[in-house]
Amino acid sequence: MARPRKFDEQQVLDTAREQFWAGGYAATRMEDIAAATGLGKGSLYGAFGGKQDLFHRVFDDYCSAIVDATAQQLRGDDKNAYARLSAHIHAVAAATAADTAQRGCLLAKGTAELAEHDKTVAERAHTAVEALRTLLEHDITACQRNGDLDADADPGQLAALVLAVLRGIEALGKAGVDEETLTDIARTALAVLPRPAN
């Protein structure tokens, strides 16, 4: 009979995520994660597999958390859809500006480093990005139903544009762009969305 684990699995995953997020996949060794978690390498391998398996688990959890958080922010009735969209875009700019360590988004970081050679990361990143775009599209459609945005505009295209702006804000923040500029980008993104004709 297998011995019960004597550690908090989620706590270990959280610590591993921080290691990968801070140093990137290639620069993070299992020894680093073992030291940070206080576990032996054998326990890590036994519980999570190798480094790639552990990163896949961390990356999947992170992607799910990002999508779930966005869904929470954008969920609601048509009447408040535009306010939710505005709040979401400004929240991304504010959170990016607050990231003084300039770590950026683990979804973007992991994808940039690994997607070319790691099919699992590439597929999970694509699924997460599509989920985010769909959430934005649903909210934009609600804005159109409520008369806040032009009903003739393609909500899928607008959602893709907003998603590109949000990803761009995060990339610029990682490059050290200041909070005022990021806030201006968020404001401009909202301003260029097509309003109903008077």
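## Exercises on a helical model

Leave out residues up to four places away in sequence, and Leu-44 touches Val-12, Met-30, Ile-33, Ala-34, Thr-37, Leu-39 and Gly-49; contact here means heavy atoms within 4.5 Å. This is a predicted model, where local features need pLDDT of at least 70 and side-chain atom pairs count only at pLDDT 80 or more, while totals for chains, interfaces and linings use all residues. Residues are numbered from 1 along each chain as its sequence is written, and side-chain values use heavy atoms, with hydrogens and water left out.

**Exercise 1.** Place Leu-44 in the largest nonpolar core.

*Solution.* Start with the term: a nonpolar core is a set of buried Ala, Val, Leu, Ile, Met, Phe, Trp, Tyr and Cys residues joined through side-chain atoms within 4.5 Å. Buried means under 20% relative accessible area, exposed over 50%, and partly exposed in between (1.4 Å probe, protein chains only). Next, look at the membership: the largest core has 52 residues, and Leu-44 is among those touching the most other members, along with Phe-20, Leu-54, Leu-85, Leu-107 and Leu-136.

**Exercise 2.** Find where Asp-139 sits and what it contacts.

*Solution.* First, find its element: Asp-139 is in helix 7 (residues 119-145), helices being DSSP runs (H or I, at least four residues) numbered from the N terminus. Then check exposure: with a relative accessible area of 2%, Asp-139 is buried. Finally, list its partners beyond four places in sequence: Leu-74, Ala-81, Arg-84 and Leu-85.

**Exercise 3.** Work out which face of helix 6 is buried, and what covers it.

*Solution.* Pick out the buried residues of helix 6 (residues 106-114): Leu-106, Leu-107, Gly-110 and Leu-114. Now look down the axis: these residues fall within an arc of 100°, so they line one face of the helix. The arc is taken from the directions from the helix axis to the C-beta atoms. It helps to recall that an α-helix has 3.6 residues a turn, so residues three or four places apart point the same way. For the cover, look to elements including helix 1 (9-23), helix 4 (51-74), helix 7 and helix 8 (155-174).

**Exercise 4.** Count the disulfides, then check Cys-105.

*Solution.* Apply the rule, a pair of cysteine sulfur atoms within 2.5 Å, and the count is zero. Cys-105 is in no disulfide, since the nearest cysteine sulfur, that of Cys-63, is 7.8 Å away. As for exposure, Cys-105 is buried at 9% relative accessibility, and Cys-143 is buried at 0%.

Technical notes: Helix = DSSP H or I, 4+ residues; strand = E, 2+ residues; numbered from the N terminus.
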